[in-house]
Amino acid sequence: MTEQTDDSLTPPRAAVVGIVGGAFSGLFGLGGGIVMVPLLTSLGGLTQRRASAYSLAAILPAAIVGSIPYLTHDAVDLIAAGLLVVGAVIGAVVGARLLARVPETVLRWLFVAVLVAGVVRSLLDGFGEPPSVDSAEGIPSLLDGAAMIGLGLVMGVASGLLGIGGGQLAVPGLSALFDFAPALAKGTSLVAMIPTAISGTWVNARNRLVHLRTAAIIGLVASVFSFGGASLSVVMPPRIASITFAALLVFALAQQIRKALQKH
């Protein structure tokens, strides 16, 4: 497979991607990939494939730092996060292997589909009643535990294939299936992303889809801004957060559709 070089992704551009992606990582508990991937294809000049690989690698430090405010505000269910990780680590390896094989056009339209689903969900969340579970609920039932592992598997495949960290699926999944409140779902998802990003990036590095030094610049800069975003998230009203997130996704969606149509 022939892939373009990363010469256009200079350190200043990598830092800008980190600033924007990190802030939204902490604010929405989604690892920042939903923002980083469009930025990496437009500002960074990368292909969709390499943008996904870079985004997933950069998620790691941002997820570590961004999870701290959620942990200090008791907005992480560690048992649920552990169950998500069981499936997500395996799924991330599968997704990263698919990333090296799926055609570029298919990757771009898959990302568009994820953005559309995110816009719809955010608007529904913004005008609906928020779930009530806002702190850890203890040991889940056997059925719930199996469902969380399954959700983690889907989360992992999405993270490895699309570089979105999987929170785009885990956050609504935790809210809809297990009645997690927004902040708890975001915090739990963000913690689960840490081992997920490690496993997927390991495969991408072996496939030479990511330069870890450049990804580290994005991730470390994102970490600083992720902390501030997460601190704001725990006090932001859920309806405002959902509507703001929907607006962000609409902007990213417009950029991705424009690029997808340019390829035809």
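The expected span of a helix is 1.5 Å times one less than its number of residues, and that is the yardstick for one of the stops on this tour of a predicted model.

Begin by colouring the whole protein by pLDDT, for which the mean is 81, with 84% of the residues reaching 70 or more. Select residues 238-262 next: this is helix 10, which has the lowest mean pLDDT among the elements, 74, whereas helix 4, at residues 78-99, has the highest, 94. Where pLDDT is low, the predicted coordinates should not be read in detail.

Now select residues 48-72, which make up helix 3; its 25 residues reach 36 Å from the first C-alpha to the last, close to the expected 36 Å. Where along helix 3 should you look for a bend? Centre the view on leucine 60, where the helix bends by about 35°, and then add proline 61, a proline that follows within four residues. If you show the surroundings of helix 3, you will find it largely enclosed by the rest of the structure, because 19 of its 25 residues are buried. Just after the helix, select aspartate 74, which takes a positive phi of about 55°.

For the last stop, turn to the aromatic rings, among which a search of the whole structure finds 1 pair. Select phenylalanine 178 and phenylalanine 180 to display that pair, whose arrangement is edge-to-face, with 6.5 Å from centre to centre and 65° between the planes. Are these two rings on buried or exposed residues? Phenylalanine 178 has a relative accessibility of 11% and so counts as buried, and phenylalanine 180, with a relative accessible area of 4%, is buried as well.

Conventions:
Residues are numbered from 1 along each chain as its sequence is written. This is a predicted model: local features need pLDDT of at least 70, side-chain atom pairs count only at pLDDT 80 or more; totals for chains, interfaces and linings use all residues. Side-chain values use heavy atoms; hydrogens and water are left out. pLDDT is the predictor's confidence in each residue, from 0 to 100. Helices (H or I, at least four residues) and strands (E, at least two) are DSSP runs, numbered from the N terminus. The bend at a residue is the angle between axes fitted to the seven residues ending there and the seven starting there. Buried means under 20% relative accessible area, exposed over 50%, partly exposed in between (1.4 Å probe, protein chains only). Rings of Phe, Tyr and Trp (its six-membered ring) pair if their centres lie within 6.5 Å; planes under 30 degrees apart count as stacked, over 60 as edge-to-face and the rest as tilted.
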